[in-house]
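Here are my notes for a first look. Keep the viewer open and follow the points in order.

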Amino acid sequence: MSLWRLKLSRWRHARRVHDNPLARLLKSPLPSASTPFADAEFVCLDIETTGIDASSAEVLSVGWVLVRNARVEIATAQSRLVRPPGEVGDSATVHGLTDSVVEAGEDVVTVLPHILADLESRALVVHFAGLDKTLLDRLCLGHYGAPLIVPVVDTLALERRQMDRRHHLDDKRSLRLSALRADYNLPRYSAHDALADAIATAELLLAMVAARGASHRVTLGELLS
């Protein structure tokens, strides 16, 4: 979505959303599409869930980190364990977050305001917005009455667009986070930990921008989904 359309959508929703963390985000200024990557700020985020269907999955953990001045600022990293309303189920075999582990977590409504505060005037970066961003939209609608209206950079979609431009359509090529990191000569990491995945996504974004040219030449508008 273009930043102009985002601004209009924010204005419409801000008229009926009041006195909550999302209302403050909706009133925060949006960066310009012409902002050089090096001057833009990003929240790289990952969510571990009970499933891959964003319409029903529950949050189990969230990790995020800021990218500023074309650098991953590890000091800003946050990791929150979330207590779901139901059982973890078979998803524990993927991320290791069992019912006994998440029982010590916070309610998602306690975690959301921290995410929204960091997203004010920043772009959200995720790897596959179809899950993480869609899930955040659902949570914001349910708790605050409006979706999460922020600029989004989807590293998976970004790579797919790059492949299309080069007419490089390889159905067998994996676009998973770990596979793309390998393609960009980034080191292997331990997947399925929300904060580790968030940092891994941030590093991938920096590598993708570097491959397109200097960070002062690549603009925010070129990266948005």
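1. Let's start at one residue and work outwards. L177 is found in helix 8, and please keep in mind that this is a predicted model. Is L177 buried or exposed? Its relative accessible area is 10%, and the cut-off for buried is under 20%, so L177 counts as buried.

2. What does L177 touch, once its neighbours within four places in sequence are set aside? The contacts are H127, Y189, D197, A200, T201 and L204. Take L204 from that list: 27 residues separate L177 and L204 along the chain, yet their C-alpha atoms are 8.2 Å apart.

3. L204 and T201 turn up again in a helix pair. On the helix 9 side of the contact with helix 7 you'll find T201, L204, L205, M208 and R212, and they meet T155, L158, E159 and Q162 of helix 7. Sorted by class, this contact between helix 7 and helix 9 has four nonpolar, three polar and two charged residues.

4. Now the geometry of that pair. Two packed helices are described by the angle between their axes and the distance between the axes. Here the axes of helix 7 (residues 155–165) and helix 9 (residues 194–212) come within 10 Å, with a crossing angle of roughly 25°. Angles under 35 degrees count as roughly parallel, and helix 7 and helix 9 are therefore roughly parallel to each other. The crossing of helix 7 past helix 9 is left-handed.

5. On to the sheet. In what order do the five strands of the open sheet stand? They run 3-2-1-4-5, with mixed pairing. Strand 3 and strand 5 (152–154) are at the edges with a single partner strand each, so each has one side without a neighbour in the sheet. From one strand to the next, the twist averages 25°.

6. Helices lie against this sheet too. Helix 9 packs on the sheet and touches strand 1, strand 2, strand 3, strand 4 and strand 5, its direction making about 35° with that of strand 2. Helix 6 (residues 132–144) lies across strand 1, strand 2, strand 4 and strand 5, and runs at about 85° to strand 1.

7. Strand 1 deserves a closer look. Why is strand 1 (residues 42–49) described as largely enclosed by the rest of the structure? Eight of its eight residues are buried, so the description follows. In a regular strand the side chains alternate between the two faces of the sheet. In strand 1, both faces are covered: F42, C44, D46 and E48 are buried on one side, and V43, L45, I47 and T49 are buried on the other.

8. Strand 1 has a partner on either hand. With strand 2 (residues 59–68) the pairing is antiparallel, over eight bridges; with strand 4 (residues 123–126) it is parallel, with three bridges. You can check the register at C44, which stands opposite V65 in strand 2 and opposite V125 in strand 4. Two further pairs to click on are V43 with L124 in strand 4 and T49 with its bridge partner V59 in strand 2.

9. Strand 2 is mostly covered as well, with nine of its ten residues buried. Besides strand 1, strand 2 pairs with strand 3 (residues 71–81), in the antiparallel sense and over seven bridges. Within that pairing, G63 stands opposite S79 in strand 3.

10. How many residues sit between strand 2 and strand 3 in their hairpin? There are two, and N69 in the turn has a positive phi of about 55°. Most residues other than glycine have a negative phi, and most peptide bonds are trans. N69 has 56% relative accessibility, so it counts as exposed.

11. Finally, N185 is another one to look at. Its phi is near 60°, a positive value in a residue other than glycine. Where is N185? It lies in the loop between helix 8 (177–183) and helix 9, which brings us back to the helices of the opening points. With a relative accessibility of 70%, N185 counts as exposed.

Conventions. Residues numbered from 1 in each chain as written. Predicted model: local features only at pLDDT ≥ 70, side-chain atom pairs only at ≥ 80, totals over all residues. Heavy atoms only, no water. Buried < 20%, exposed > 50% of the residue type's maximum accessible area, 1.4 Å probe, protein only. Helix = DSSP H or I, 4+ residues; strand = E, 2+ residues; numbered from the N terminus. Pairing = 2+ DSSP bridges. Axes fitted to C-alpha atoms, helices over the stretch in contact; angles between N-to-C directions. Parallel < 35°, antiparallel > 145°, perpendicular 65-115°, else oblique. Left-handed = near helix turned anticlockwise from the far one by under 90°. Contact = heavy atoms within 4.5 Å. Nonpolar A, V, L, I, M, F, W, Y, C, P; charged D, E, K, R; others polar.
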